[in-house]
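User: Hi! Could you pull up the model so we can go through it together?
Analyst: Happy to. Here it comes.

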Amino acid sequence: MVEVNDNFRQLPVSYLFSEVGRRVAAFRNDFPDRDVIRMDIGDVTRPLFPSVVTAMHEAVDELSSARSFHGYGPEQGYGFLREAIWRNDYLERGVLGIEPSDIFVSDGAKSDLGNLGDIYSRNCKVAVMNPAYPVYVDDSVIDGRAGSLSGGKWDRIIYLECDPSDSFMPKLPSERADIIFLCFPNNPTGVAITREELKKWVDYARENDSLIIYDSAYEAFVRNPEMVRSIYEIEGASQVAIEVRSFSKTAGFTGLRCGYTVVPKDLKGRYANGEEVSLNTLWNRRQTTKFNGCSYIAQRGAAAIYTPEGMADVRATTYYYLGNAALIKEAFETIGFKSYGGDNSPYVWTSPCDGRDSWEIFNMFLYEIGFSTTPGSGFGSMGDGFVRLTGFNSRENTEKAMSMLMRRFG
Ligand SMILES: *Cc1c(COP(=O)(O)O)cnc(C)c1O
């Protein structure tokens, strides 16, 4: 037998979503005539935009003829898409200093977040928000950067505690972190970050020679102009930050797959012998070796998001989900729950603040009302006592679930 990567031995089985699924299935089995509305899903429900579908049909036709056929594309993504991203997501929003060659198109944010671990050292100390999207910690475990698990925490991970008194803004670490994962608007808490607050992190990274990996998968949900959409809005960030983005939540690409990562050429790292190297060069080398590009069809679809029709559809779709989130937040505030997010984010993070743990709250909503939520404790110890609800269901289901809530508590 082959010797396997020992880091998997300590990695807990992915418990959160399977446990939610298991409990919902058990409920359906016990109460076959009662409905459960899934308010826990992190997947979108609105279909692809017509402009995206048309562009992909045309791309299929191109591939169907020898004269217009495309084989392997550039590993970094086609120029037409990198240009469109650069122009629309950076240049025209006043974010200067980013170039199309800093942008690497991929099959989505989750892969990039894990794959980036190939370019920084095994010795790097990683800091993550608590609570956080589980991928940052699990990737660190698989790569051997997490140390060992004791009392539910990894001893080489620095946890950036986020508590309700501070609107779930992370605190600067007391020990030096090499890699800092930040995510805004945040999954699971739904909170967005102001320029002033994010500047503290950029300054910290500059002073401590740290690298920020900034997950902005939900940037298209930001409506408040004081909140950050790109970390490069902060001066000096291109020297300390990689930005990871996705078309999944903003244009319905969760099943289609396309995203991108920005690695500015200002970003530098150091080999063990002290020699300096550009992270853009390393990431390019990594991608050209281990990745053969996102499909031509998906990239043509993604480019259509940047047409006037596509951009109008992103606005309409994100407004639709934000509308659901606003309904959820309003309902929970009415029944006296403390609630976060829901205005620049599709997620609402809520708690009765009465000492009950996340699974007790989950069970109450499932059994007494009939909708499922995601227990906050699954995202980290600081999430206990909270549950996450999503705006990604249909308006009809969201209204139904919230009127059931109001009937029971209102
Ligand atoms: C959904 C999600 C992603 C993953 O996006 P894909 O591009 O579909 O892989 C990344 N980060 C966060 C915080 C997410 O919620």
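User: Let's start with the ligand. Which residue has a polar side-chain atom 2.7 Å from a nitrogen atom of the ligand?
Analyst: That's Asp215. Keep in mind that this is a predicted model, so the distance is computed from predicted coordinates.

User: Noted. How much of the ligand's accessible area does the protein cover?
Analyst: The ligand has 390 Å² of accessible area on its own, and the protein covers 93% of that.

User: And what sort of site does the ligand sit in?
Analyst: The ligand is placed in the largest pocket.

User: How many residues surround the ligand, and which are the closest?
Analyst: There are 13 residues around it. The closest are Asp215, Tyr218, Ser246, Ser248 and Lys249. So Asp215 turns up both in that list and in the contact with the ligand nitrogen.

User: How does the shell divide into nonpolar, polar and charged residues?
Analyst: Five are nonpolar, four are polar and four are charged.

User: Which helices each supply at least two residues of the shell?
Analyst: α5, residues 109–115, and α8 do. For orientation, α8 covers residues 248–251.

User: What about the ligand's oxygen atoms: which backbone has a polar atom 2.9 Å from one of them?
Analyst: The backbone of Lys110. Another contact involves a side chain: an N or O atom of Arg257 lies 2.8 Å from an oxygen atom of the ligand.

User: Tell me more about Arg257. Where is it in the chain?
Analyst: Arg257 belongs to the loop that runs between α8 and β10, the latter being residues 259–262. Its backbone stands out too: phi is near 80 degrees, which is positive although the residue is not glycine.

User: Why does Arg257 count as partly exposed?
Analyst: Because its relative accessible area is 29%, and partly exposed runs from 20% to 50%. That accessibility is worked out with protein chains only.

User: Which other residue has a positive phi although it is not a glycine?
Analyst: Cys353, with phi at about 50 degrees. Cys353 is in the loop between β14 (347–351) and α12 (358–369).

User: Is Cys353 buried or exposed?
Analyst: Exposed, because its relative accessibility is 55% and the cut-off for exposed is over 50%.

User: Staying with backbone geometry, which peptide bond has omega near -15 degrees?
Analyst: The one from Phe184 to Pro185, and it is cis. You'll find Pro185 in the loop between β7 (179–183) and α7 (195–208).

User: What joins Asn187 and Pro188?
Analyst: A cis peptide bond as well, with omega about 20 degrees. Pro188 is also in the loop between β7 and α7.

User: Let's move on to α6. Which of its residues are buried?
Analyst: Helix α6 spans residues 135–142, and its buried residues are Val135, Tyr136, Val137, Ser140 and Val141. After α6 comes Gly144, with a positive phi near 80 degrees.

User: And Ser278, what does its side chain reach?
Analyst: The backbone nitrogen of Asn280, at 3.2 Å. Ser278 is part of strand β12, residues 276–278. Ser278 counts as buried because its relative accessible area is 15%, and buried means under 20%.

User: Now some long separations. How far apart are Asp40 and Ala272 in space?
Analyst: They are 44 Å apart, C-alpha to C-alpha, with their positions 232 residues apart in sequence. Asp40 is in the loop between β1 and α3 (50–63), and Asp40 is buried at 3% relative accessibility.

User: What about Arg38 and Glu197?
Analyst: Their C-alpha atoms are separated by 34 Å, and the residues are 159 apart along the chain. Arg38 is in strand β1, residues 37–38, and with a relative accessible area of 26% Arg38 is partly exposed.

User: One last pair: how far is Lys200 from Val277?
Analyst: In space, 26 Å from C-alpha to C-alpha; in sequence, 77 residues. Lys200 is in helix α7 and is partly exposed, at 42% relative accessible area.

Key: Residues numbered from 1 in each chain as written. Predicted model: local features only at pLDDT ≥ 70, side-chain atom pairs only at ≥ 80, totals over all residues. Heavy atoms only, no water. Helix = DSSP H or I, 4+ residues; strand = E, 2+ residues; numbered from the N terminus. Buried < 20%, exposed > 50% of the residue type's maximum accessible area, 1.4 Å probe, protein only. Near = heavy atom within 4 Å. Polar contact = N/O pair within 3.5 Å; in protein donor to acceptor, adjacent residues only side chain to side chain. Areas by Shrake-Rupley, 256 points an atom, 1.4 Å probe, with all protein chains shown as cover. 1 Å grid on protein atoms, 1.4 Å probe; cavity = no way out; pocket = protein on both sides within 12 Å on 5 of 7 lines; lining within 4 Å. Sits in = over half its atoms within 2 Å of the grid points. Nonpolar A, V, L, I, M, F, W, Y, C, P; charged D, E, K, R; others polar.
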